[in-house]
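Visitor: I am new to this structure and would like a close look at one part of it. Please start there and then work outwards.

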Amino acid sequence: MKSQDILILLKLVSLQEQEEHREDEWLQLESQGGDPYSVRNLEASLGISKTEISQAIKRSISSGIASKDGDLNAH
């Protein structure tokens, strides 16, 4: 794993928390018409390329530190 992988995971956890609590920033992201979890929006908010974000997510899933939504009960 790379250090930027942790940054991306922290951003995803932050988005999840905002969604659960319906915080202002989440509502603002929704009102802009974009999916805050999309690679494009992660790229814009973090300044990390879409390719690097995609690879980081794949590394995190393959290492077991992250899982897809459908896999939450798998571990």
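Visitor: At its relative accessibility, does Ile53 count as buried or exposed?

Guide: Ile53 counts as buried, because its relative accessibility is 0% and a residue is called buried when the value is under 20%. This is a predicted model, and the values that follow are computed from it.

Start with where Ile53 sits. The protein has 4 helices and 0 strands, and from the N terminus on the order of its elements is α-α-α-α. Ile53 belongs to helix 4, which covers residues 50–63. Once neighbours within four places in sequence are set aside, the residues in contact with Ile53 are Ile8, Val39, Leu42, Glu43 and Ile48. Another residue to locate from here is Ser38: Ile53 and Ser38 are 15 residues apart in sequence, and their C-alpha atoms are 10.0 Å apart in space.

One of the contacts of Ile53 is Ile8, and that residue is the next stop. Ile8 is placed in helix 1, the helix of residues 3–21. Ile8 too counts as buried, because its relative accessibility is 1%. Leaving out neighbours within four places in sequence, Ile8 is in contact with Leu46, Ile48, Glu52, Ile53, Ala56 and Ile57. Ile48 therefore appears in the list for Ile8 and in the list for Ile53, with contact meaning heavy atoms within 4.5 Å. Leu42, a contact of Ile53, can also be placed relative to Ile8: the two are 34 residues apart along the chain, with 8.0 Å between their C-alpha atoms.

Helix 1 also holds Asp5. Asp5 is buried, because its relative accessible area is 0%. With residues up to four places away in sequence not counted, Asp5 touches Ala56, Arg59 and Ser60. Ala56 is also among the contacts of Ile8.

What joins the side chains of Arg59 and Asp5? They meet in a salt bridge, with 2.7 Å from N to O. This pair links distant parts of the chain, since Arg59 is in helix 4 and Asp5 is in helix 1, 54 residues apart. Side chains of opposite charge can pair when their charged atoms come close. The structure holds 1 salt bridge. Its two partners are covered to unlike degrees: Arg59 is partly exposed because its relative accessible area is 22%, whereas Asp5 is buried at 0%.

Helix 4 also contains Gln55. Gln55 counts as partly exposed, because its relative accessibility is 33%. Gln55 and Asp5 are 50 residues apart in sequence, while their C-alpha atoms lie 8.7 Å apart in space.

Now to the surface. Met1, Ile6, Leu10 and Ile65 make a nonpolar surface patch of about 400 Å². One of its members, Met1, lies in the segment before helix 1. Elsewhere in the list of surface features, a patch of negative charge gathers Glu17, Glu19, Glu20, Asp35 and Asp69. Of these, Asp35 lies in the loop between helix 2, residues 24–31, and helix 3, residues 39–46. Asp35 counts as partly exposed because its relative accessibility is 43%.

Last, the protein as a whole. It has 75 residues, and 17% of them are buried; Ile53, Ile8 and Asp5 are among the buried ones. The accessible surface comes to about 5,200 Å², and carbon and sulfur atoms account for 49% of that. Among contacts with a separation of 6 or more, 50% are between residues 24 or more positions apart. To return to the starting point, Ile53 is a buried residue of helix 4, and its contacts include Ile8, which is placed in helix 1.

Notes: Residues are numbered from 1 along each chain as its sequence is written. This is a predicted model: local features need pLDDT of at least 70, side-chain atom pairs count only at pLDDT 80 or more; totals for chains, interfaces and linings use all residues. Side-chain values use heavy atoms; hydrogens and water are left out. Patches are made of residues with over 30% relative accessible area and no salt bridge: like charges are joined within 9 Å, nonpolar side chains (Val, Leu, Ile, Met, Phe, Trp, Tyr) within 5 Å. Accessible areas come from the Shrake-Rupley method with a 1.4 Å probe; for residues, only the protein chains shown count as cover. A salt bridge is a side-chain nitrogen of Lys or Arg within 4 Å of a carboxyl oxygen of Asp or Glu. Lys and Arg count as positive and Asp and Glu as negative; His and the chain ends are not counted. The place of a charge is taken as NZ of Lys, CZ of Arg, CG of Asp or CD of Glu. Helices (H or I, at least four residues) and strands (E, at least two) are DSSP runs, numbered from the N terminus. Buried means under 20% relative accessible area, exposed over 50%, partly exposed in between (1.4 Å probe, protein chains only).
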